[in-house]
Amino acid sequence: MIDRVNSPPEPYGNPVGNSAVETATLIVGAGQGIGLGFVQQMLKDDRPQRIYATYRNPQSELVTLDDSRLQCLPMDITEEAQIAAVIEKIRSEVKALHTVINCVGVLHDGTMQPEKSLRQINTEQLLRYFQVNSIGAVLLAKQVQPLLKHGDRAILATISAKVGSIGDNQLGGWYGYRASKAALNMLMKTTALEYKRTCPRAIVVNLHPGTTDTQLSQPFQRNVPPEKLFSVDRTVQQLLGVIAGLQESDSGEFFSWNGDRLPW
Ligand SMILES: NC(=O)c1ccc[n+]([C@@H]2O[C@H](COP(=O)([O-])OP(=O)(O)OC[C@H]3O[C@@H](n4cnc5c(N)ncnc54)[C@H](OP(=O)(O)O)[C@@H]3O)[C@@H](O)[C@H]2O)c1
């Protein structure tokens, strides 16, 4: 479990002992939900920082946020060229990123619904889950690596899901989403091991946000007790608390919103 009491209060990975230094953060998948919540929360913090945030939908609330510290960049995580273009743009402006939080994920959309049984399995839908939830994250890890190779503490956090834990799977169902999050966890664990050599101060973690009131969970909230359904603000606060408490030895781990380690 993360020690939040004795941990440094640096959710955004500020260079230690130098709070006047401008830090740069990238929030991926910030058009709505938890990603948008991270941006809104970070803009309330008055420490000097630069925030890059990616979105797909130009009608998103994100692009209406008016703050000189924020730059919004369009990006679909399934298109590596678009990830590379975002990173290139950031590299033209800053030498380093201190925090990267990937909030991209899909559970359902206009055409796909999570599978309740094997009868509903189809190749196209499974591939879509893997493309968005797993492959996108490792393409991001590949492209962002040069910006995390520096001497300050840095974070690469990916929002995963407890249902991606193989050890914790008691209920079944949601084949594609579960499997794509399990694959995500393995891809980021493997990234953490490579980053130990290439970006030794970068801490790579997977985070479970808890059930959070967003469009992703909306159709499945009926059986969730109110105290277990977090607002986006609460989830963001909790995850920032976990991130603040991370040590280099936590790299490669899978944490829940309360700082507990989750089984793979
Ligand atoms: N809410 C929960 O209860 C819960 C529980 C466990 C885990 N999670 C995880 O938490 C993360 C955030 O989810 P959320 O609840 O905030 O859901 P959300 O409101 O639906 O947000 C998902 C984000 O992913 C983006 N996205 C989807 N496909 C994309 C693509 N191909 N390229 C780029 N961005 C893409 C969406 O962009 P658009 O706005 O353009 O669609 C949106 O910004 C996800 O990884 C989810 O699996 C959520």
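A residue is called buried here if 20 or more other C-beta atoms lie within 10 Å of its own, exposed if 12 or fewer do, and partly exposed in between, with the C-beta atoms placed from the backbone. The model is predicted, so local features need pLDDT of at least 70 and side-chain atom pairs count only at pLDDT 80 or more, while totals for chains, interfaces and linings use all residues. Residues are numbered from 1 along each chain as its sequence is written.

**Strand E6 and its neighbour**

Select strand E6 (202-208), where strands (E, at least two residues) and helices (H or I, at least four) are DSSP runs numbered from the N terminus. Of its 7 residues, 7 are buried, so E6 is largely enclosed by the rest of the structure. Colour its two faces separately: Ala202, Val204, Asn206 and His208 lie on one side, Ile203, Val205 and Leu207 lie on the other, and all are buried. Next, add E5, which pairs with E6 in the parallel sense over 6 bridges, pairing being assigned if DSSP finds at least two bridges between two strands. Within this pair, leucine 156 has valine 204 of E6 as its bridge partner.

**Across the sheet**

Now show the whole open sheet, in which 7 strands follow the order E3-E2-E1-E4-E5-E6-E7 with parallel pairing. Its edge strands are E3 (70-74) and E7 (254-256), each of which pairs on one side only. Neighbouring strands are turned by 20° against each other on average, direction ignored, where axes are lines fitted to C-alpha atoms (for helices over the stretch in contact) and angles run from 0 to 180 degrees between N-to-C directions.

Move to E4 (residues 99-102), which is joined to the parallel strand E1 (residues 23-28) by 4 bridges. Threonine 99 of E4 stands opposite threonine 25, and threonine 99 also has isoleucine 155 in E5 as a bridge partner. From E4, Thr99 and Ile101 point one way and Val100 and Asn102 the other way, and all are buried.

**Helices H1 and H4**

Select helix H1 (residues 33-44), which packs on the sheet and touches E1, E2, E3, E4 and E5, its direction making about 160° with that of E2; contact requires that the C-beta atoms of two residues, placed from the backbone, lie within 7 Å.

Then turn to helix H4 (residues 175-198), whose 24 residues should span 34 Å at 1.5 Å a residue, in agreement with end C-alpha atoms that are 34 Å apart; the expected span is 1.5 Å times one less than the number of residues. Among the buried residues of H4 are Tyr177, Leu184, Met188 and Tyr195, and what covers the buried residues includes helix H3 (123-148), E5, E6 and E7.

**Aspartate 168**

Which loop holds aspartate 168? Aspartate 168 is found between E5 and H4, where it is partly exposed, with 13 other C-beta atoms within 10 Å. Aspartate 168 touches Lys162, Leu262 and Pro263, not counting residues up to four places away in sequence. From aspartate 168 to leucine 262 the C-alpha to C-alpha separation is 8.4 Å, although they are 94 residues apart in sequence.

**The ligand**

Finally, centre on the ligand, which is surrounded by 25 residues, the closest being Gly31, Gly33, Arg56, Gly105 and Leu216. H1 contributes the largest share of this shell, 3 residues.

Definitions and conventions:
Near = placed C-beta within 6 Å.
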